[in-house]
Amino acid sequence: METHGGESSVDTNDELNKFEVSTDMDSSVVDYVPYSSLVGALKEIYGLSYKDIIEKKLDSVEDTGAFYHGYSKTVGFGVRLSNKKHDSKGRITSRVWVCEKEGFRHKKYMCNTNSKRRPQLQTRVGCKARFSISLDLDTNKYIVRAFEENHCHELATFREVSWVLSHRNIDAKNLSQIDAMGNCCIRPCLTYQYMVNQKGGYSKIGFTQKDMYNRIDVKRWDETFESDSHAALMFLQSKANSETNFYCRFSTNKKDRLANIFWRDSHSLFEYQCFGDVLIFDSTYKTNAYVKPFVLFVGVNNHHATCVFRVALLSDETVQSYRWVLNTLMDSIGHKHPIFILTDGDEAM
(Lines give C-alpha, C1' and ligand atoms only; values in the text may rest on other atoms or scores of the structure.)
Protein backbone atom coordinates (compact mmCIF):
# COMPACT_ATOMS: atom_id res chain seq x y z
CA MET A 1 0.00 0.00 0.00
CA GLU A 2 1.54 3.30 -1.06
CA THR A 3 0.52 6.64 0.43
CA HIS A 4 1.38 10.03 -1.06
CA GLY A 5 -0.08 13.30 0.27
CA GLY A 6 -3.09 11.72 1.94
CA GLU A 7 -3.83 9.42 -1.06
CA SER A 8 -3.07 5.73 -1.38
CA SER A 9 -3.18 3.11 -4.06
CA VAL A 10 -3.56 -0.64 -3.63
CA ASP A 11 -0.42 -2.56 -4.41
CA THR A 12 -0.17 -6.34 -4.33
CA ASN A 13 3.11 -6.32 -2.41
CA ASP A 14 2.12 -4.00 0.48
CA GLU A 15 -0.12 -4.45 3.48
CA LEU A 16 -3.26 -2.52 4.18
CA ASN A 17 -3.44 0.29 6.65
CA LYS A 18 -5.73 -0.06 9.61
CA PHE A 19 -8.16 2.70 10.47
CA GLU A 20 -9.33 3.28 14.00
CA VAL A 21 -12.21 5.48 15.05
CA SER A 22 -12.98 6.52 18.59
CA THR A 23 -16.41 7.83 19.55
CA ASP A 24 -16.19 10.21 22.48
CA MET A 25 -19.43 10.71 24.35
CA ASP A 26 -19.94 13.66 26.66
CA SER A 27 -20.74 12.43 30.16
CA SER A 28 -20.80 15.84 31.83
CA VAL A 29 -24.48 16.53 31.24
CA VAL A 30 -26.19 13.47 32.66
CA ASP A 31 -24.84 11.13 35.31
CA TYR A 32 -26.06 7.58 34.68
CA VAL A 33 -26.08 5.13 37.56
CA PRO A 34 -26.48 1.34 37.30
CA TYR A 35 -29.96 0.14 38.19
CA SER A 36 -28.70 -2.23 40.89
CA SER A 37 -26.99 0.64 42.73
CA LEU A 38 -30.11 2.75 42.33
CA VAL A 39 -32.34 0.10 43.94
CA GLY A 40 -30.08 -0.07 47.00
CA ALA A 41 -30.08 3.72 47.27
CA LEU A 42 -33.89 3.86 47.07
CA LYS A 43 -34.21 1.43 49.96
CA GLU A 44 -31.81 3.54 52.02
CA ILE A 45 -33.58 6.86 51.36
CA TYR A 46 -36.98 6.14 52.87
CA GLY A 47 -37.20 7.57 56.38
CA LEU A 48 -34.18 9.89 56.13
CA SER A 49 -34.48 13.45 57.37
CA TYR A 50 -32.57 16.55 56.28
CA LYS A 51 -30.21 16.15 59.25
CA ASP A 52 -29.53 12.52 58.34
CA ILE A 53 -28.55 13.51 54.79
CA ILE A 54 -26.38 16.51 55.67
CA GLU A 55 -24.27 14.41 58.05
CA LYS A 56 -24.06 11.35 55.85
CA LYS A 57 -20.68 9.76 55.02
CA LEU A 58 -20.12 7.55 51.99
CA ASP A 59 -17.20 5.43 50.81
CA SER A 60 -16.92 6.58 47.17
CA VAL A 61 -18.17 9.08 44.63
CA GLU A 62 -20.09 6.29 42.88
CA ASP A 63 -21.98 5.45 46.08
CA THR A 64 -22.77 9.13 46.57
CA GLY A 65 -24.03 9.46 43.01
CA ALA A 66 -26.22 6.39 43.42
CA PHE A 67 -27.60 7.76 46.69
CA TYR A 68 -28.53 11.16 45.22
CA HIS A 69 -29.99 9.55 42.10
CA GLY A 70 -32.17 7.39 44.29
CA TYR A 71 -33.24 10.46 46.24
CA SER A 72 -34.03 12.42 43.06
CA LYS A 73 -36.06 9.55 41.64
CA THR A 74 -38.02 9.25 44.87
CA VAL A 75 -38.77 12.99 45.02
CA GLY A 76 -39.38 13.38 41.28
CA PHE A 77 -36.64 15.41 39.53
CA GLY A 78 -33.65 14.87 37.29
CA VAL A 79 -29.97 15.23 38.16
CA ARG A 80 -26.94 16.39 36.22
CA LEU A 81 -23.29 16.78 37.15
CA SER A 82 -21.78 20.16 37.93
CA ASN A 83 -18.34 21.06 39.34
CA LYS A 84 -15.66 18.67 40.57
CA LYS A 85 -12.11 19.06 41.85
CA HIS A 86 -9.09 16.73 41.94
CA ASP A 87 -5.97 16.66 44.06
CA SER A 88 -2.42 16.05 42.88
CA LYS A 89 -2.95 12.27 43.09
CA GLY A 90 -5.96 12.39 40.78
CA ARG A 91 -8.53 11.70 43.48
CA ILE A 92 -11.83 13.58 43.42
CA THR A 93 -11.84 15.89 46.42
CA SER A 94 -15.23 17.55 45.82
CA ARG A 95 -18.25 16.88 43.64
CA VAL A 96 -21.51 18.75 43.03
CA TRP A 97 -24.80 17.45 41.64
CA VAL A 98 -27.57 19.88 40.71
CA CYS A 99 -31.15 19.69 39.54
CA GLU A 100 -31.51 19.36 35.78
CA LYS A 101 -33.47 22.65 35.78
CA GLU A 102 -30.62 24.56 37.47
CA GLY A 103 -29.48 27.78 35.81
CA PHE A 104 -30.88 29.48 32.72
CA ARG A 105 -30.35 29.18 28.98
CA HIS A 106 -27.59 31.44 27.65
CA LYS A 107 -28.73 34.78 26.29
CA LYS A 108 -27.08 34.22 22.91
CA TYR A 109 -29.48 31.33 22.29
CA MET A 110 -32.46 33.30 23.55
CA CYS A 111 -31.83 36.32 21.30
CA ASN A 112 -30.62 34.53 18.18
CA THR A 113 -33.00 35.75 15.47
CA ASN A 114 -30.90 34.40 12.60
CA SER A 115 -31.35 30.75 13.55
CA LYS A 116 -33.29 28.76 10.95
CA ARG A 117 -34.00 25.90 13.33
CA ARG A 118 -36.98 25.90 15.62
CA PRO A 119 -35.85 26.80 19.17
CA GLN A 120 -36.07 24.09 21.77
CA LEU A 121 -38.32 24.37 24.76
CA GLN A 122 -36.79 26.06 27.78
CA THR A 123 -36.10 23.48 30.47
CA ARG A 124 -33.96 25.48 32.92
CA VAL A 125 -35.77 27.70 35.40
CA GLY A 126 -33.02 28.58 37.89
CA CYS A 127 -33.66 25.78 40.38
CA LYS A 128 -31.34 26.00 43.42
CA ALA A 129 -31.49 22.34 44.48
CA ARG A 130 -27.98 20.92 44.83
CA PHE A 131 -26.00 18.22 46.56
CA SER A 132 -22.25 18.55 47.18
CA ILE A 133 -19.66 16.35 48.85
CA SER A 134 -16.00 16.67 49.80
CA LEU A 135 -13.29 14.19 50.73
CA ASP A 136 -12.36 13.90 54.40
CA LEU A 137 -8.63 13.17 54.38
CA ASP A 138 -8.66 11.76 57.93
CA THR A 139 -11.30 9.07 57.33
CA ASN A 140 -10.88 8.86 53.52
CA LYS A 141 -14.65 9.11 53.18
CA TYR A 142 -16.91 11.56 51.37
CA ILE A 143 -19.00 13.85 53.56
CA VAL A 144 -22.09 15.74 52.46
CA ARG A 145 -21.22 19.44 52.79
CA ALA A 146 -24.26 21.09 51.22
CA PHE A 147 -27.77 19.91 50.51
CA GLU A 148 -30.60 22.08 49.17
CA GLU A 149 -33.87 20.18 48.94
CA ASN A 150 -36.28 22.92 47.80
CA HIS A 151 -37.29 23.23 44.13
CA CYS A 152 -38.89 26.17 42.31
CA HIS A 153 -40.71 24.01 39.76
CA GLU A 154 -43.28 21.25 39.67
CA LEU A 155 -41.91 17.81 40.45
CA ALA A 156 -42.61 14.69 38.41
CA THR A 157 -45.11 12.15 39.65
CA PHE A 158 -44.32 8.51 40.29
CA ARG A 159 -45.52 7.58 36.79
CA GLU A 160 -43.65 10.45 35.13
CA VAL A 161 -40.26 10.17 36.83
CA SER A 162 -39.16 7.19 34.72
CA TRP A 163 -39.14 9.49 31.65
CA VAL A 164 -36.76 12.02 33.22
CA LEU A 165 -33.50 12.05 31.25
CA SER A 166 -31.12 11.19 34.09
CA HIS A 167 -33.25 8.17 35.04
CA ARG A 168 -33.37 6.73 31.50
CA ASN A 169 -30.64 4.23 30.75
CA ILE A 170 -30.20 1.09 28.65
CA ASP A 171 -28.27 -1.40 30.76
CA ALA A 172 -26.10 -4.21 29.41
CA LYS A 173 -28.88 -6.80 29.72
CA ASN A 174 -31.35 -4.81 27.64
CA LEU A 175 -28.66 -3.85 25.15
CA SER A 176 -27.72 -7.48 24.56
CA GLN A 177 -31.38 -8.34 24.01
CA ILE A 178 -31.71 -5.50 21.48
CA ASP A 179 -28.62 -6.75 19.62
CA ALA A 180 -29.87 -10.35 19.63
CA MET A 181 -33.26 -9.40 18.20
CA GLY A 182 -31.61 -7.12 15.65
CA ASN A 183 -29.43 -10.02 14.47
CA CYS A 184 -32.67 -11.94 13.84
CA CYS A 185 -33.82 -9.13 11.50
CA ILE A 186 -36.50 -7.91 13.91
CA ARG A 187 -37.28 -4.22 13.42
CA PRO A 188 -36.29 -1.93 16.31
CA CYS A 189 -39.85 -0.65 16.79
CA LEU A 190 -41.11 -4.23 17.23
CA THR A 191 -38.19 -4.98 19.55
CA TYR A 192 -39.17 -2.05 21.74
CA GLN A 193 -42.84 -3.07 21.89
CA TYR A 194 -41.83 -6.62 22.81
CA MET A 195 -39.59 -5.36 25.62
CA VAL A 196 -42.38 -3.08 26.92
CA ASN A 197 -44.75 -6.05 27.13
CA GLN A 198 -41.99 -8.13 28.70
CA LYS A 199 -41.33 -5.56 31.44
CA GLY A 200 -45.00 -4.92 32.11
CA GLY A 201 -45.46 -1.37 30.82
CA TYR A 202 -43.73 1.71 29.48
CA SER A 203 -42.97 3.07 32.96
CA LYS A 204 -40.97 -0.05 33.87
CA ILE A 205 -38.73 -0.37 30.83
CA GLY A 206 -36.46 2.53 31.84
CA PHE A 207 -35.82 4.10 28.42
CA THR A 208 -37.68 5.44 25.41
CA GLN A 209 -37.78 4.18 21.85
CA LYS A 210 -35.66 7.16 20.80
CA ASP A 211 -33.01 6.16 23.35
CA MET A 212 -32.91 2.70 21.82
CA TYR A 213 -32.55 4.10 18.28
CA ASN A 214 -29.69 6.33 19.46
CA ARG A 215 -27.80 3.39 20.95
CA ILE A 216 -28.31 1.38 17.77
CA ASP A 217 -26.98 4.30 15.70
CA VAL A 218 -23.89 4.58 17.90
CA LYS A 219 -23.23 0.86 17.52
CA ARG A 220 -23.67 1.04 13.74
CA TRP A 221 -21.33 4.05 13.57
CA ASP A 222 -18.62 2.16 15.44
CA GLU A 223 -19.01 -0.95 13.29
CA THR A 224 -19.16 1.03 10.05
CA PHE A 225 -15.94 2.93 10.54
CA GLU A 226 -13.90 0.45 12.54
CA SER A 227 -14.63 -2.86 10.85
CA ASP A 228 -16.32 -2.16 7.50
CA SER A 229 -13.65 0.23 6.23
CA HIS A 230 -10.90 -2.25 6.98
CA ALA A 231 -12.92 -5.12 5.49
CA ALA A 232 -13.48 -3.11 2.30
CA LEU A 233 -9.76 -2.42 1.91
CA MET A 234 -8.92 -6.06 2.57
CA PHE A 235 -11.38 -7.08 -0.15
CA LEU A 236 -9.84 -4.61 -2.60
CA GLN A 237 -6.38 -5.92 -1.70
CA SER A 238 -7.49 -9.48 -2.46
CA LYS A 239 -8.88 -8.30 -5.82
CA ALA A 240 -5.56 -6.64 -6.59
CA ASN A 241 -3.76 -9.89 -5.79
CA SER A 242 -5.99 -11.93 -8.09
CA GLU A 243 -6.39 -9.50 -11.04
CA THR A 244 -3.49 -8.05 -12.98
CA ASN A 245 -5.27 -4.90 -14.21
CA PHE A 246 -7.21 -4.15 -11.05
CA TYR A 247 -6.99 -0.49 -10.04
CA CYS A 248 -7.88 1.12 -6.72
CA ARG A 249 -7.02 4.29 -4.86
CA PHE A 250 -8.28 5.72 -1.60
CA SER A 251 -7.70 8.87 0.45
CA THR A 252 -7.79 9.64 4.14
CA ASN A 253 -8.88 12.71 6.06
CA LYS A 254 -6.95 14.75 8.63
CA LYS A 255 -7.72 12.20 11.35
CA ASP A 256 -6.28 9.40 9.17
CA ARG A 257 -9.72 7.89 8.61
CA LEU A 258 -10.98 6.49 5.35
CA ALA A 259 -12.54 9.26 3.23
CA ASN A 260 -12.79 8.35 -0.50
CA ILE A 261 -12.43 5.10 -2.45
CA PHE A 262 -12.09 4.69 -6.23
CA TRP A 263 -11.78 1.34 -8.05
CA ARG A 264 -12.29 -0.57 -11.28
CA ASP A 265 -11.64 -4.18 -12.28
CA SER A 266 -10.15 -5.70 -15.43
CA HIS A 267 -13.55 -6.28 -17.06
CA SER A 268 -14.47 -2.61 -16.61
CA LEU A 269 -11.14 -1.66 -18.20
CA PHE A 270 -11.89 -3.84 -21.24
CA GLU A 271 -15.38 -2.33 -21.64
CA TYR A 272 -14.00 1.19 -21.35
CA GLN A 273 -11.42 0.54 -24.06
CA CYS A 274 -14.20 -0.64 -26.38
CA PHE A 275 -17.06 1.75 -25.52
CA GLY A 276 -15.45 4.63 -23.58
CA ASP A 277 -15.96 7.40 -26.16
CA VAL A 278 -18.95 8.73 -24.20
CA LEU A 279 -18.72 8.79 -20.41
CA ILE A 280 -21.70 9.45 -18.14
CA PHE A 281 -20.76 10.84 -14.73
CA ASP A 282 -23.38 10.91 -11.96
CA SER A 283 -23.74 10.26 -8.26
CA THR A 284 -26.39 8.92 -5.91
CA TYR A 285 -26.75 10.29 -2.39
CA LYS A 286 -28.08 8.72 0.82
CA THR A 287 -29.05 5.51 -0.95
CA ASN A 288 -26.58 3.25 0.88
CA ALA A 289 -26.04 2.18 4.49
CA TYR A 290 -23.21 4.67 4.93
CA VAL A 291 -25.22 7.71 3.72
CA LYS A 292 -22.33 8.67 1.42
CA PRO A 293 -22.29 9.83 -2.23
CA PHE A 294 -21.74 6.90 -4.59
CA VAL A 295 -20.27 8.01 -7.94
CA LEU A 296 -20.76 6.01 -11.13
CA PHE A 297 -18.90 6.34 -14.44
CA VAL A 298 -21.01 4.44 -16.96
CA GLY A 299 -21.45 4.12 -20.72
CA VAL A 300 -23.43 2.20 -23.34
CA ASN A 301 -22.13 -0.80 -25.30
CA ASN A 302 -23.05 -1.93 -28.81
CA HIS A 303 -26.14 -3.75 -27.47
CA HIS A 304 -27.47 -0.49 -25.94
CA ALA A 305 -26.88 -1.92 -22.47
CA THR A 306 -25.33 -0.01 -19.60
CA CYS A 307 -21.77 -0.86 -18.69
CA VAL A 308 -19.98 0.39 -15.58
CA PHE A 309 -16.49 1.78 -16.18
CA ARG A 310 -15.51 3.13 -12.76
CA VAL A 311 -17.09 3.56 -9.30
CA ALA A 312 -16.21 5.68 -6.28
CA LEU A 313 -17.51 6.16 -2.74
CA LEU A 314 -16.92 9.71 -1.49
CA SER A 315 -17.08 11.32 1.94
CA ASP A 316 -19.10 14.32 0.70
CA GLU A 317 -20.28 16.20 -2.39
CA THR A 318 -17.76 19.02 -2.40
CA VAL A 319 -15.58 20.46 -5.14
CA GLN A 320 -12.50 19.03 -3.45
CA SER A 321 -13.93 15.48 -3.45
CA TYR A 322 -15.01 15.67 -7.09
CA ARG A 323 -11.62 17.09 -8.06
CA TRP A 324 -9.96 14.13 -6.37
CA VAL A 325 -12.18 11.57 -8.11
CA LEU A 326 -11.70 13.18 -11.54
CA ASN A 327 -7.92 13.29 -11.14
CA THR A 328 -8.01 9.65 -10.11
CA LEU A 329 -10.18 8.89 -13.14
CA MET A 330 -7.66 10.48 -15.51
CA ASP A 331 -4.89 8.46 -13.89
CA SER A 332 -6.83 5.21 -14.31
CA ILE A 333 -7.90 5.52 -17.96
CA GLY A 334 -4.38 5.49 -19.37
CA HIS A 335 -4.00 6.62 -22.98
CA LYS A 336 -7.67 6.48 -24.00
CA HIS A 337 -9.53 9.71 -23.14
CA PRO A 338 -13.31 10.05 -23.58
CA ILE A 339 -14.64 12.28 -26.35
CA PHE A 340 -17.73 13.41 -24.40
CA ILE A 341 -18.50 13.48 -20.68
CA LEU A 342 -22.14 13.88 -19.67
CA THR A 343 -23.23 14.87 -16.16
CA ASP A 344 -26.06 16.66 -14.40
CA GLY A 345 -26.20 20.31 -13.36
CA ASP A 346 -24.67 19.90 -9.93
CA GLU A 347 -22.48 22.92 -9.13
CA ALA A 348 -19.77 20.87 -7.43
CA MET A 349 -19.50 18.58 -10.48
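The exercises below, each with a worked solution, concern a predicted model.

**Exercise 1. The protein as a whole**

Determine how many helices and strands the protein has, and what share of its residues is buried.

*Solution.* Begin with the secondary structure: the protein contains 10 helices and 13 strands. Turn next to burial, for which a residue must have under 20% relative accessible area. Of the 349 residues in the protein, 38% are buried. The exposed surface comes to about 21900 Å², with carbon and sulfur atoms supplying 51% of it. Finally, consider contacts between residues at least 6 apart in sequence: 59% of these join residues at least 24 apart.

**Exercise 2. The five-stranded sheet**

Establish the order of the strands in the open sheet of five, and identify which strands lie at its edges.

*Solution.* Reading across the sheet gives the order β3-β7-β6-β5-β4, with antiparallel pairing. The edges are β3 (57-58) and β4 (79-86), since each of these pairs on one side only. In general, strands of a sheet pair through backbone hydrogen bonds, either parallel or antiparallel. One helix is then to be placed against this sheet: α3 (residues 61-75) lies across β3, β4, β5, β6 and β7. The angle between α3 and β5 is about 15°.

**Exercise 3. Strand β6 and its partners**

Describe how β6 is joined to β5 and to β7, and decide whether β6 is largely enclosed or open.

*Solution.* Take the β5 side to begin with. Strand β5 (residues 92-99) and strand β6 (residues 130-136) pair in the antiparallel sense over five bridges. Two residue pairs illustrate the register: V96 stands opposite S132, and V98 stands opposite R130.

Now take the β7 side. Here seven bridges join β6 to β7, again with antiparallel strands. I133 of β6 faces V144 in β7 as its opposite residue. The two strands form a hairpin with four residues between them, and N140 in the turn has a positive phi of about 60°.

The last step concerns burial. Six of the seven residues of β6 are buried, so the strand is largely enclosed by the rest of the structure.

**Exercise 4. The buried sides of α5 and α6**

For helices α5 and α6, find which residues are buried and explain why they lie on one side of each helix.

*Solution.* Start with the length of α5 (residues 172-183): its 12 residues reach 16 Å from first C-alpha to last, close to the 16 Å expected at 1.5 Å a residue. Its buried residues are N174, Q177, I178 and M181. These lie on the same side of α5 because they cover an arc of only 100° around the axis. On the face turned away from this buried side are the exposed residues A172 and N183. Just after α5, C185 adopts a positive phi of about 65°.

Apply the same steps to α6 (residues 188-199). Its 12 residues should span 16 Å at 1.5 Å a residue, and the end C-alpha atoms are indeed 16 Å apart. T191, Y192, M195 and V196 are the buried residues of α6. Their arc of only 135° around the axis puts them on the same side of α6. Just after α6, G200 has a positive phi of about 100°.

**Exercise 5. A loop residue**

Locate R159 and state whether it is buried or exposed.

*Solution.* R159 is in the loop between β7 (141-148) and α5. Exposure requires a relative accessible area over 50%. With 67%, R159 is therefore exposed. As to its surroundings, R159 and Y202 are 43 residues apart in sequence, while their C-alpha atoms are 9.5 Å apart in space.

Definitions and conventions: Residues numbered from 1 in each chain as written. Predicted model: local features only at pLDDT ≥ 70, side-chain atom pairs only at ≥ 80, totals over all residues. Heavy atoms only, no water. Expected span 1.5 Å × (residues − 1). Buried < 20%, exposed > 50% of the residue type's maximum accessible area, 1.4 Å probe, protein only. Arc of directions from axis to C-beta. Contact = heavy atoms within 4.5 Å. Areas by Shrake-Rupley, 256 points an atom, 1.4 Å probe, with all protein chains shown as cover. Pairing = 2+ DSSP bridges. Axes fitted to C-alpha atoms, helices over the stretch in contact; angles between N-to-C directions.
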